[in-house]
Amino acid sequence: MIAAQDTRTRDNALTLVSVGLFCVFLWWVPNNLDGYKLRIINLIAINAILGLSLNLIYGMTGMFSLGHAGFMAIGAYVSALLVLTPEQKVQMWILEPIAPWLANIHTPFIASLLAAGVIAAFFGWLISLPILRLGGDYLGIATLGFSEIIRILITNFTPITNGSLGLKGIPSHTTLWMSYGCLAIFLLCMVRLMRSNFGNVLRAVRDDEIAARTMGIDTFKMRVLAFTLGCFGGGVGGALMGNLITTIDPKMFMITQTYSLLMIVVVGGLGSITGSIVGSILVTTMLEWLRIVENPVTIGTFEIPGIPGMRMVIFSLLLIAVIIFRREGIMGMREFSWSWLLGLGRKRGGAAK
């Protein structure tokens with residue numbers, strides 16, 4: 001008992017120190033790094049939120065979903081429409097006049113974030129009722145179809161979404177503190193959720209739905225609830241991304257956006273909260289770093305022309321290598337703990353001796 005209390009005290013102290021150091025890092029970054037690096041650091045947090053929300057649906061509950069880009073689109077447009085000023089809306093809608101009920105709506109950014117998550121969750125709940133009766137590949141195809149329907153509706157509902165022209169001049173409310181603050185809240189909720197009895201039920205549904213149903217679990221209700229919560233995270237992540245980029249249009253939310261999130265979940269580890277964080281760091285930085293292969297390179301007197309799209313080819317090969325040699329992902333289903341980290345350090349130290 002005493003050893004357990006000492007371990008808990010040590011872990012809490014290390015966690016507080018780590019959080020404090022990371023806050024110092026966030027305070028240092030804006031004055032010492034350029035805008036490009038700041039955007040990458042912001043994208044890591046946003047992709048982590050999106051990866052966690054998709055992992056809740058796919059990795060922790062076992063529902064193969066390809067519709068996350070659609071929920072991102074809902075969140076991005078809801079937030080943007082709420083934070084844009086009436087003057088901006090009047091100037092932006094040139095193909096058709098903006099819907100009168102929408103023209104004068106203007107809310108703080110935090111309220112728009114919550115609205116984005118809630119409305120995305122509502123649509124997630126709405127479509128989950130019919131499609132979650134499917135399973136496997138059929139569920140993936142159904143969610144993919146929903147994502148495309150959302151994108152087409154956004155393109156054609158010009159009085160509400162400004163159609164294919166998209167929304168520009170969105171206030172840049174997504175700061176480092178906002179991104180990582182939302183990530184911290186979402187991460188804390190995910191940890192508490194998966195450590196609760198509800199998390200155990202989701203794992204039971206994922207591992208053997210028939211056995212879970214035999215034990216009296218309403219598996220359909222659990223799947224709907226998990227899907228709805230995951231869609232909430234998708235809406236919040238989309239809202240943060242829209243307010244970071246400050247320009248959104250329907251082409252941003254194609255199926256390739258969902259593929260990027262699947263990369264994060266698969267590389268990090270299906271069912272691992274820590275894996276989603278690790279995956280977001282690796283995938284986001286690698287996708288940006290590999291842009292170098294698309295630019296011309298001069299070696300002495302030789303010039304190698306850049307090949308557009310080559311970074312995705314290389315990244316796909318790296319992803320295939322991960323799947324072949326580490327099918328469970330970097331973390332598998334494991335989670336980070338201070339005991340594991342310190343134990344690993346001691347083992348390496350012992351080996352070095």
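**Close-up views of a predicted model**

**View 1. P171 is partly exposed, with a relative accessible area of 22%.** The model shown here is predicted. P171 sits in the loop between strand 1 (167–168) and helix 9 (176–195). Which residues does P171 touch, leaving out those up to four places away in sequence? They are V83, L84 and N243. Now look at G242. Along the chain, P171 and G242 are 71 residues apart. In space, their C-alpha atoms are separated by 9.3 Å.

**View 2. Six residues make a nonpolar patch on the surface: F22, V24, F25, W27, W28 and W177.** The patch covers about 660 Å². Which helix gives the largest share of the patch? Helix 1 (residues 2–28) does, with 5 residues. F22 is one of the patch residues, and F22 is found in helix 1. Its relative accessible area is 35%, so F22 counts as partly exposed.

**View 3. The largest nonpolar core holds 89 residues.** Helix 2 (residues 35–57) supplies the largest share of this core, 14 residues. Nonpolar side chains tend to be buried together in soluble globular proteins. Which residues have the most contacts inside the core? They are F71, L167, Y180, F227, L240, I248 and F253.

**View 4. F71 is one of the core residues with the most contacts inside the core.** What does F71 touch, not counting residues up to four places away in sequence? Its contacts include the phenylalanines F123, F146 and F227. F71 also touches A120, I127 and C231. Three glycines, G124, G234 and G235, complete the list. F227 appears here as a contact of F71, and F227 is also among the core residues with the most contacts.

**View 5. D34 and K37 form a salt bridge.** How many salt bridges does a search of the whole structure find? The search finds 5. Side chains of opposite charge can pair when their charged atoms come close. For D34 and K37, the closest N and O atoms are 3.2 Å apart. Are these two residues buried or partly exposed? D34 has 39% relative accessibility, so D34 counts as partly exposed. K37 is partly exposed too, with a relative accessible area of 40%.

**View 6. E148 and R151 pair within helix 7 (residues 136–156).** Their salt bridge has its closest N and O atoms 2.9 Å apart. The two residues lie 3 residues apart, about one turn of the helix. How is each partner covered, buried or partly exposed? E148 is partly exposed, with a relative accessible area of 24%. R151 has 19% relative accessibility, so R151 counts as buried. The cut-off explains this label, because buried means under 20% relative accessible area.

**View 7. The side chains of R213 and E209 meet in a salt bridge.** The N to O distance is 3.2 Å. Both residues lie in helix 11 (residues 209–214). They are 4 residues apart, so about one helical turn separates them. R213 is partly exposed, with a relative accessible area of 46%. E209 is also partly exposed, with a relative accessible area of 25%. Which residues are joined into one network? E209, R213 and R223 are, through salt bridges that share partners.

Note on methods
Residues are numbered from 1 along each chain as its sequence is written. This is a predicted model: local features need pLDDT of at least 70, side-chain atom pairs count only at pLDDT 80 or more; totals for chains, interfaces and linings use all residues. Side-chain values use heavy atoms; hydrogens and water are left out. Patches are made of residues with over 30% relative accessible area and no salt bridge: like charges are joined within 9 Å, nonpolar side chains (Val, Leu, Ile, Met, Phe, Trp, Tyr) within 5 Å. Accessible areas come from the Shrake-Rupley method with a 1.4 Å probe; for residues, only the protein chains shown count as cover. A salt bridge is a side-chain nitrogen of Lys or Arg within 4 Å of a carboxyl oxygen of Asp or Glu. Buried means under 20% relative accessible area, exposed over 50%, partly exposed in between (1.4 Å probe, protein chains only). A nonpolar core is a set of buried Ala, Val, Leu, Ile, Met, Phe, Trp, Tyr and Cys residues joined through side-chain atoms within 4.5 Å. Contact means heavy atoms within 4.5 Å.
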